[in-house]
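Have your viewer ready and take this tour one selection at a time. Each stop says what to pick and what you will find there.

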Amino acid sequence: MNISRTSFPRVVIIGGGFSGIALAKKLSKQEVQVVLLDKNNYHNFQPLLYQVSTGGLEPDSIAYPIRKILKDFPNFSFRLAKVNEIDSVNNLVKTDIGELKFDYLVVASGSKTNYFGNSEIEKYSMAMKTIPQSLNLRSLILENFEEALLTSDLNERNALMNFVIVGGGPTGVELAGALAEIKKGILPKDYPDLDTRLAQIHIIQSSDCILKGMSDKASAKAEDFLEKLGVNIWKNVRVTNYDGKTVTTNTDLTFETATLVWAAGVKGATIKGLEAEELITRGNRLLVNEFNQVKGYNHIFAIGDIASMITDEFPNGFPMMAQPAIQQGSQLGDNILKLIEQKPMVPFVYKDKGVMATIGRNKAVVDLPKFKFQGVFAWYVWMFVHLFFLIGFRNRMVVFINWVYNYVRFDREARLIIRPFKKKLNTK
Ligand SMILES: Cc1cc2nc3c(=O)[nH]c(=O)nc-3n(C[C@H](O)[C@H](O)[C@H](O)COP(=O)(O)OP(=O)(O)OC[C@H]3O[C@@H](n4cnc5c(N)ncnc54)[C@H](O)[C@@H]3O)c2cc1C
């Protein structure tokens, strides 16, 4: 890997997401050698992926080069590498570009889409966890409209303009709201020859409410916002299969659609070598103690989505969100330094800063620990918080200007099929 040993202990971090970057920033000016490995050379701001999928933002405004984030840190190295295996006996990570020894290892590999073992859904549905996936979805949505314009088969046209989103969490809600705004504001202008009223947006939610992790008020208000935008919400319905054409459910309901977006859940992105049954807990996450040490190890840690720290308040671990990831990354930096200096580490305590989701123009719901509010002010708060946490001044400016432009012009200019998406065909 062309990384020489220095006199400092070496900390290897797998993953340059929210948690890995927070940790690297904390450690890289200290007397440790930090090596960050990521299969992408950029940090991906996942909360705004849905805006890439719906043409509201260009992908490069929500991604930032990892090397640039940490360019001023003297003890930091980055390698573009996919980690395939962790050898915890020999303190070695095995990657597609070679092997690397570590003194301390931090797994910050995040999560991946959970299809709950359904291979057909995995094959035919669209996920929205990465930038390439969001670009695929953007292309597919636009290709569908182009095809709908050409077909004379009414059933086919309906299926092409029918968008089914599985999962009524923030991702599903935000995507549905954005699609509804496209239907209202953009389709009639772009496709005057198409009866755009045919476009249908459905959210299918297995439980009895959307935004389940938020307050009842936020959930009810989001539902109200979405219904006013024309989104159909199907509660207490579980999707059982999708063969590329028909969505079947555990009820009599079926949906004919060319686009099923799977936003129904994620699971920890575990890595071979740290997958023993006793290490893994609910959600395929690595069980860690209050110092983020992986069960049974003193020098191997996990932070962010991949880590499950079980407390009385959070018996299933902290929510898989940016805040726990950032806070764990930052505190682990201090704790690794303490461990090296043989001082007692400080247990991690999660400071809940709240949850929010936007449904569209002037519509958001915000649950802060002490205040809960919805509507226009919530939407401004949502925008401010997302701009604040975006990495890079240029990205903040670009996103801000785009949002102002889209707001004033009722537009989404990135509706481009740059890289056509090839749909998988059902060959059964
Ligand atoms: C669509 C969407 C919307 C979201 N919206 C919100 C929101 O509004 N608010 C909120 O708080 N949270 C939101 N989240 C969740 C939030 O993004 C995650 O909780 C957060 O990113 C977790 O940070 P992390 O550091 O654990 O992992 P990530 O940020 O996912 O980073 C993991 C990194 O590890 C790398 N990696 C993984 N495996 C390997 C490997 N084997 N080798 C090398 N590199 C590897 C990946 O490339 C990635 O860079 C959203 C997530 C999604 C998908």
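## Stop 1: the ligand and its surroundings

Select Asp38 together with the ligand: a polar side-chain atom of Asp38 sits 2.6 Å from an oxygen atom of the ligand. Keep in mind as you go that this is a predicted model. Now add Gln46, which places a polar side-chain atom 2.8 Å from a ligand oxygen. For Ala322, show the backbone instead, because there it is a backbone N or O atom that lies 2.9 Å from an oxygen atom of the ligand.

How much of the ligand does the protein bury? On its own the ligand would expose 1000 Å², and the protein buries 89% of that. To see which elements contribute, colour α1 (18–27) and α10 (322–340): these are the elements that give two or more residues to the shell around the ligand.

Next, widen the selection to the whole shell. It holds 27 residues, and the closest are Ser19, Asp38, Gln46, Val83 and Asp305. Coloured by class, the shell shows 11 nonpolar, 11 polar and 5 charged residues.

## Stop 2: an annotated domain

Select residues 10–329. An unreviewed UniProt entry lists this span as "domain: FAD/NAD(P)-binding". In the model the span is 29% helix and 27% strand, and its end C-alpha atoms lie 17 Å apart.

## Stop 3: Asn144 and Thr259

Go to helix α5 (residues 131–150) and pick out Asn144. Is Asn144 buried or exposed? Its relative accessibility is 0%, so Asn144 counts as buried. Display the side chains of Asn144 and Thr259 and you will see a polar contact of 2.6 Å joining them.

The partner, Thr259, belongs to strand β17 (residues 259–262). Thr259 is buried too, with a relative accessible area of 0%.

Which residues are in contact with each of the two, once neighbours within four places in sequence are left aside?

- Asn144 is in contact with Leu160, Phe163, Ala258, Thr259 and Lys423.
- Thr259 is in contact with Met126, Leu137, Leu140, Asn144, Asn162, Phe163, Val164 and Tyr242.

Before leaving, draw a distance between the C-alpha atoms of Thr259 and Lys423. These residues are 164 residues apart along the chain, yet their C-alpha atoms are separated by 9.7 Å.

## Stop 4: two positive phi angles

Some background for this stop: most residues other than glycine have a negative phi. With that in mind, select Leu211, in the loop between β12 (200–205) and α9 (216–228). Leu211 is not a glycine, but its phi is positive, at about 50 degrees. Switch on the surface as well: Leu211 is buried, with a relative accessible area of 1%.

Then move to Phe410, in the segment after α12 (393–409). Phe410 is another residue that is not a glycine and has a positive phi, here about 55 degrees.

## Stop 5: an annotated transmembrane region

For the last selection, take residues 376–393, which an unreviewed UniProt entry lists as "transmembrane region". What is the chain like over this span? It is 83% helix and 0% strand, with 25 Å between the end C-alpha atoms.

Note on methods:
Residues are numbered from 1 along each chain as its sequence is written. This is a predicted model: local features need pLDDT of at least 70, side-chain atom pairs count only at pLDDT 80 or more; totals for chains, interfaces and linings use all residues. Side-chain values use heavy atoms; hydrogens and water are left out. A residue is near a molecule or strand if one of its heavy atoms lies within 4 Å of it. A polar contact is a pair of N or O atoms within 3.5 Å; within protein, one must be able to donate a hydrogen and the other to accept it, and residues adjacent in sequence count only if both atoms are side-chain atoms. Accessible areas come from the Shrake-Rupley method with a 1.4 Å probe; for residues, only the protein chains shown count as cover. Helices (H or I, at least four residues) and strands (E, at least two) are DSSP runs, numbered from the N terminus. Ala, Val, Leu, Ile, Met, Phe, Trp, Tyr, Cys and Pro count as nonpolar, Asp, Glu, Lys and Arg as charged, and the others, Gly among them, as polar. UniProt positions are given in the numbering used here, feature names are shortened, and annotations may be inferred rather than shown by experiment. Buried means under 20% relative accessible area, exposed over 50%, partly exposed in between (1.4 Å probe, protein chains only). Contact means heavy atoms within 4.5 Å.
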